[in-house]
Amino acid sequence: MSQVSRSGPRGSSTALYEAYDTALLDLDGVVYAGGRAIVHAVDSLRTARDGGMHLAYVTNNALRTPAAVAEHLTELGIPAEPTDVITSAQAVARLMADQLPAGSRVLVVGGEGLRVALRERGLVPVEHADDEPVAVAQGYGGPDMAWGRFAEAAYAIARGAVWFASNTDLTIPGARGIAPGNGAAVEVVRIATGAEPQVAGKPLPPMHRETVLRTGAERPLVVGDRLDTDIEGAFNGGVDSLLVLTGVTDAAQLVAAGPRHRPTYVDADLRGLLTGQPEVTETGRGFVCGDWTASARGNELVLEGDGDVLDGLRALCGAAWSHAGGGSCGLDAGKAVSRLGL
């Protein structure tokens with residue numbers, strides 16, 4: 001298993017696209033947001049691919065089919081094939097097919113990506129609880145998901161249908177900001193039924209299994225923007241990870257992260273694939289990265305120095321994670337983080 005550093009993100013003397021054979025890239029908040037490419041994403045991915053790195057796109061968003069995702073990536077300037085895309089819809093469909101007889105009826109609460117994935121596994125999507133489904137599959141259905149879909153799910157579960165969810169991300173980043181994700185919709189059904197779903201998506205093992213089966217990666221690097229899905233999923237799978245700050249995770253959350261949520265590397269955006277990563281070293285004065293030094297003093301974290309703000313963040317993580325050990329850092333990091341302007 002990958003060793004999760006307790007003294008800051010790890011350094012790398014080699015560019016990450018050379019150190020790893022496959023990038024397992026999250027999409028929302030990493031490659032694009034609200035359908036538009038995130039700054040530097042297209043050029044960075046092209047360069048990494050041209051340098052020999054295999055790019056695989058691993059998303060908890062079950063709304064679209066792999067073919068639709070690949071077409072969108074190609075339109076953005078990142079040529080991709082449907083086989084390059086792994087979705088939580090595929091992971092939950094495999095999980096369900098392992099438990100249900102072929103031809104089983106499944107009530108779908110979600111988009112076309114979920115329906116296609118279920119059909120590929122020999123399951124039959126239906127629309128209503130009165131269609132006598134043996135299971136419910138719930139995935140992100142987009143902002144236009146009708147409220148009545150949640151009612152159908154509740155009726156079916158109350159009649160004995162087994163409940164599965166593609167993922168439980170509470171939020172999803174978009175062009176206008178952070179919106180409710182599938183996890184918020186799952187909570188609606190949970191409140192109505194008192195039931196608990198079987199979940200397939202990141203950070204849980206079914207998604208990692210699906211990814212490994214479909215990519216065959218030998219030295220994978222998980223690249224994501226979420227601590228509780230991408231980074232924890234990498235931890236659970238025993239692989240290294242790169243957190244990019246283009247999505248939902250901010251500097252304060254990263255500094256406070258517990259062991260399962262600590263990435264191997266951290267960078268501003270996907271340009272981090274193209275470079276090495278600086279070391280965080282412990283000295284008598286504190287944790288040093290670049291021209292910054294961070295230390296724990298009393299009940300707060302103190303950051304001194306100047307230069308690349310990402311180096312300052314890495315130094316802060318070193319001080320915070322070392323102080324926290326196997327827990328989450330409770331020291332006040334407000335002033336230190338504000339110095340970085342991230």
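**Exercise 1. Is R115 buried or exposed, and what does its side chain pair with?**

Task: Is R115 buried or exposed? Then find its salt-bridge partner and place both residues in the fold.

Solution.
- Start with the cut-off: a residue is buried under 20% relative accessible area.
- R115 has 14% relative accessibility, so R115 counts as buried.
- Next, the partner. The model is predicted. In this model the side chains of R115 and E127 meet in a salt bridge, with 3.1 Å from N to O.
- R115 sits in helix 5 (residues 112-120), while E127 sits in the loop between strand 7 (124-126) and strand 8 (135-138), so the pair ties together parts that are 12 residues apart in sequence.
- Last, check E127. Its relative accessible area is 29%, so E127 is partly exposed.

**Exercise 2. Two more pairs**

Task: Which residue meets R49 in a salt bridge, and which residue meets R190? Assign exposure classes where you can.

Solution.
- The side chain of R49 meets that of D50, at 3.5 Å from N to O.
- D50 has 61% relative accessibility, so D50 is exposed.
- R49 has a relative accessible area of 30%, so R49 is partly exposed.
- The side chain of R190 meets that of E196, at 3.0 Å from N to O.
- E196 has a relative accessible area of 56%, so E196 is exposed.
- The general idea: side chains of opposite charge can pair when their charged atoms come close.

**Exercise 3. Count and charge**

Task: How many salt bridges are there? Which residues are linked with K202 in a network? How far apart are the mean positions of the positive and negative charges?

Solution.
- The count comes to 19 salt bridges.
- D26 and D230 are linked with K202 in a network of salt bridges.
- The protein chain has 28 positive and 41 negative charges.
- The mean positions of these two sets are 2 Å apart.

**Exercise 4. Helix 9 and its cover**

Task: Which residues of helix 9 are buried, and what covers them? Then follow E232 to its contacts.

Solution.
- Helix 9 spans residues 227-237.
- Its buried residues are L227, T229, D230, I231, E232, G233 and A234.
- D230 also belongs to the salt-bridge network with D26 and K202.
- The cover over the buried residues of helix 9 includes strand 13 (220-224), strand 14 (240-244) and helix 10 (251-255).
- Now take E232, which lies in helix 9. Its relative accessibility is 16%, so E232 counts as buried.
- Set aside neighbours within four places in sequence. E232 is then in contact with P203, L227, R260 and H261.
- After helix 9 comes G238, whose phi is positive, near 70 degrees.

**Exercise 5. The whole chain**

Task: How many helices and strands does the protein chain have? What radius of gyration does the chain have, and what would a compact globule have?

Solution.
- The protein chain has 12 helices and 19 strands.
- With 342 residues, a compact globule would have a radius of gyration near 20 Å; the protein chain has 21 Å, so the value agrees.
- Along the principal axes, the C-alpha atoms fill a box of roughly 70 × 45 × 35 Å.
- Buried residues make up 55% of the 342 residues.
- Take the contacts with a separation of 6 or more. Residues 24 or more positions apart account for 70% of these contacts.
- The chain exposes about 14,100 Å², and carbon and sulfur atoms supply 50% of it.

Terms used:
Residues numbered from 1 in each chain as written. Predicted model: local features only at pLDDT ≥ 70, side-chain atom pairs only at ≥ 80, totals over all residues. Heavy atoms only, no water. Buried < 20%, exposed > 50% of the residue type's maximum accessible area, 1.4 Å probe, protein only. Helix = DSSP H or I, 4+ residues; strand = E, 2+ residues; numbered from the N terminus. Contact = heavy atoms within 4.5 Å. Rg over C-alpha atoms; globule rule 2.2 N^0.38 Å. Areas by Shrake-Rupley, 256 points an atom, 1.4 Å probe, with all protein chains shown as cover. Lys, Arg positive; Asp, Glu negative; His and termini not counted. Charge placed at Lys NZ, Arg CZ, Asp CG, Glu CD. Salt bridge = Lys/Arg side-chain N within 4 Å of Asp/Glu carboxyl O.
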